[in-house]
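Colleague: Please take a close look at the charged pairs in this model, and place them among the other local features that deserve attention. I would like the definitions stated as you go.

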Amino acid sequence: LGLDMEELEEIEEDAGLGNGGLGRLAACFLDSMATLGLAAYGYGIRYEYGIFNQKIRDGWQVEEADDWLRHGNPWEKARPEYMLPVHFYGRVEHTAAGAKWVDTQVVLALPYDTPVPGYMNNTVNTMRLWSARAPNDFNLRDFNVGDYIQAVLDRNLAENISRVLYPNDNFFEGKELRLKQEYFVVAATLQDIIRRFKASKFGSTESVRTVFDSFPEQVAIQLNDTHPAMAIPELMRIFVDIEKLPWNKAWDITKQTFAYTNHTVLPEALERWPVDLVEKLLPRHLQIIYEINQRHLDHIASLFPHDVERLRRMSLIEEGSTKRINMAHLCIVGSHAVNGVAKIHSEIVKTQVFEDFAALEPEKFQNKTNGITPRRWLLLCNPGLAELIAEKIGEDYVRDLSQLTKLHEFVDDDLFIREVAKVKQENKVKFALYLEKEYKVKINPSSMFDVHVKRIHEYKRQLMNCLHIITMYNRIRRDPAKLFVPRTVIIGGKAAPGYHMAKMIIKLINAVAHMVNNDPTVGSKLKVIFLENYRVSLAEKVIPATDLSEQISTAGTEASGTGNMKFMLNGALTIGTMDGANVEMAEEAGEENLFIFGMRVEDVIELDREGYNAQEYYDQLPELKQAIDQIASGFFSPEEPDLFKDVVNMLFHHDRFKVFADYEAYVKCQEKVSKLYLNSKEWTKMVIRNIAAAGKFSSDRTIKEYARDIWHVEPSDLKIPPPNEPRDSAQDKTLNGTAA
């Protein structure tokens, strides 16, 4: 048709249905599950409005609604024939036949299916997203013959459930609409799973009643953080109230079915729902949670008589001014497996966050280090590098990323070194042109591209990067003639709309950028760019162009990180702390091939024990003092000198993430980075060693571990025949027979 494919790809909207790492991880997992031939489904909500679009106006973040469905979505197919009812509110009646949840409000869940193709294996799985619809008799069934028009307009209230994604990353906001969303996806999904189980031969029906003994052998449900935790009491409600199973049998099946992945250790991120809210919205579920808790605590008390403190710590219900349900505790008690998402994180989960539970059932706790799909994060976003690798080691590595170790043979191959450097340079030029076209900013493609892109959060320490920028700026001004390795520092990411400090950090970065970029003494030595509206499609452009990847969270705070892996695979070097998956990246590549700096987890714990005193660092480090004084005095905000007083006050008096404590080590490490960058050949050799060590971080490896250790299914790398090829009838029967 004479159309340009790349131009067409640019037009398509991102489906921004998640906040950050957790949502993106699920997308990588779906790709890997299909590629490994697993019969797997991804379930979620079809938000009408996804993560907001970020605009920067006068240096501030401004949010705009993400109307991603405006021009329609060609990939989805509505499936009204599978529409299901979801109940809210009401009350519980206790009868001789058992508990009945009555007088509820009903919302319908309409599924939309999106195909998830495996890589070159003729497998297509399904992602099913639920959309909320009001039933046709909504507000009309109760004899209010009154206002028909108003009744129809009020349908919006029910349909608001799937209207918008809550934009918080690593932060819990206990709003009623959010709890409705969580139960909505859970209730619809479990009905769907049970319908499918009953339709298969395993749900053999004896005298109208389904036998559920084989349920955990046929169904595995992975809880992606605690957001779908209500699935545990919901499945119990279905088994006990509707299917009339005895409690103990229902509980045993439920535990064998669920497994829970923990994604964060930050206390403000842990979901703790007020009992009053759950009682109003889901009265039967609260009763079931109380019963689960009673039996759980009875068990603990039998093992540890008179240890009331332990009972308090391990209870699913937290007493206090407002009673709350600890959803992580519910997930641990209701699952047969619990995992963290990197070795260090899984250790912290076991020894600190949930130590009482791990002491009780150590075998329940596992590690599953996160991964990324090499299809999107290498083949699709970096075809130049992917092809170069294929020329050296063949094409099989795309499905078996461990084969990248073969690149070690070429680490001293001068031609290969030059080609790797050439691909990186081409990617940098392409990104520089994109920046010029879209944002009217000119950058020097021969400068080091120093990139820090992720959600804006205090624990991720974009502020520390900012202090380094100010330090470099001051050094250039102090001695303009001195050799300086040119850098383009690119920082990007969204702040939750209600997170004041994160928004101030964005403003500060933009204020510093304005000063640095307009100072003639700096020239092209240092440029600072805040990358507007960071999202997956933008990550696909910036990551292949990056020289230095910033992974600088305080040790013990980033559960895993996955951006770190994407940069490693795409030929960037990492400056980072010993946190999350950085630890395993250093283990795979050799610590000498990453720029590791700063406190380890033990040092952070020790510093907490002593008491962190920010003032000491300020007094002892003249460059840090200068940078902070400039921020505090209004050097970067002359028209409003005390604009950043909240930021400075936080850094001195309540910085939980200890920016000053790692500042000196960070700046020194950055000097090592600049020194190596001057030696292009040695830099590129280190890049090759990193790419060669990136194989572990394929989500294919991660999913194989979930499949074998938690779900108890075998991945198959068999390519099934395409639908247009006839199969012999015997084989046909076998394939149809085992479809669960």
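Modeller: I begin with Glu93, which at 30% relative accessibility counts as partly exposed; the limits are under 20% for buried and over 50% for exposed, with partly exposed in between, using a 1.4 Å probe and protein chains only. The model is a predicted one, so local features need pLDDT of at least 70 and side-chain atom pairs count only at pLDDT 80 or more, while totals for chains, interfaces and linings use all residues. Residues are numbered from 1 along each chain as its sequence is written, and side-chain values use heavy atoms, with hydrogens and water left out.

The partner of Glu93 is Arg91, and their side chains meet in a salt bridge at 3.3 Å, N to O, the term meaning a side-chain nitrogen of Lys or Arg within 4 Å of a carboxyl oxygen of Asp or Glu. Arg91 is also partly exposed, with a relative accessible area of 39%. By this rule the model holds 61 salt bridges.

A second pair sits under cover. Arg128 forms a salt bridge with Asp113, and the closest N and O atoms are 2.7 Å apart. This pair links distant parts of the chain, since Arg128 belongs to strand S9 and Asp113 to strand S8 (residues 105-117), 15 residues apart; helices (H or I, at least four residues) and strands (E, at least two) are DSSP runs numbered from the N terminus. Both Arg128 and Asp113 are buried.

Between two helices, Asp241 forms a salt bridge with Arg284, with 2.6 Å between the closest N and O atoms. Asp241 lies in helix H7 (residues 231-242) and Arg284 in helix H10 (residues 283-303), so this bridge ties together parts that are 43 residues apart in sequence. Asp241 is buried, and Arg284 is buried too. Elsewhere, salt bridges that share partners join Arg79, Glu81, Asp113, Arg128, Asp192, Arg195 and Arg196 into one network, so the Arg128 and Asp113 pair described above is part of that network.

The backbone also has features to inspect. Most residues other than glycine have a negative phi. Tyr89, however, has a positive phi of about 60 degrees although it is not a glycine. Tyr89 is in the loop between strand S5 (84-88) and strand S6 (91-95), and at 17% relative accessibility Tyr89 counts as buried. Strand S6 spans 91-95, so the loop holding Tyr89 leads to the strand that contains Arg91 and Glu93.

Asn139 is another residue other than glycine with a positive phi, near 65 degrees. Asn139 lies in the loop between strand S9 (124-133) and helix H3 (148-153), and with a relative accessible area of 24% Asn139 is partly exposed. Strand S9, on one side of this loop, is the strand that carries Arg128.

For a loop residue under cover, consider Ala694, in the loop between helix H28 (680-692) and helix H29 (699-711). Ala694 is buried, with a relative accessible area of 3%. Leaving out residues up to four places away in sequence, Ala694 touches Leu401, Leu404, Met568 and Leu569, where contact means heavy atoms within 4.5 Å. Of these partners, Met568 is 126 residues from Ala694 in sequence, yet the two are 6.5 Å apart in space, C-alpha to C-alpha. By contrast, Glu639, in the loop between helix H25 (622-633) and helix H26 (645-653), is exposed, with a relative accessible area of 63%.
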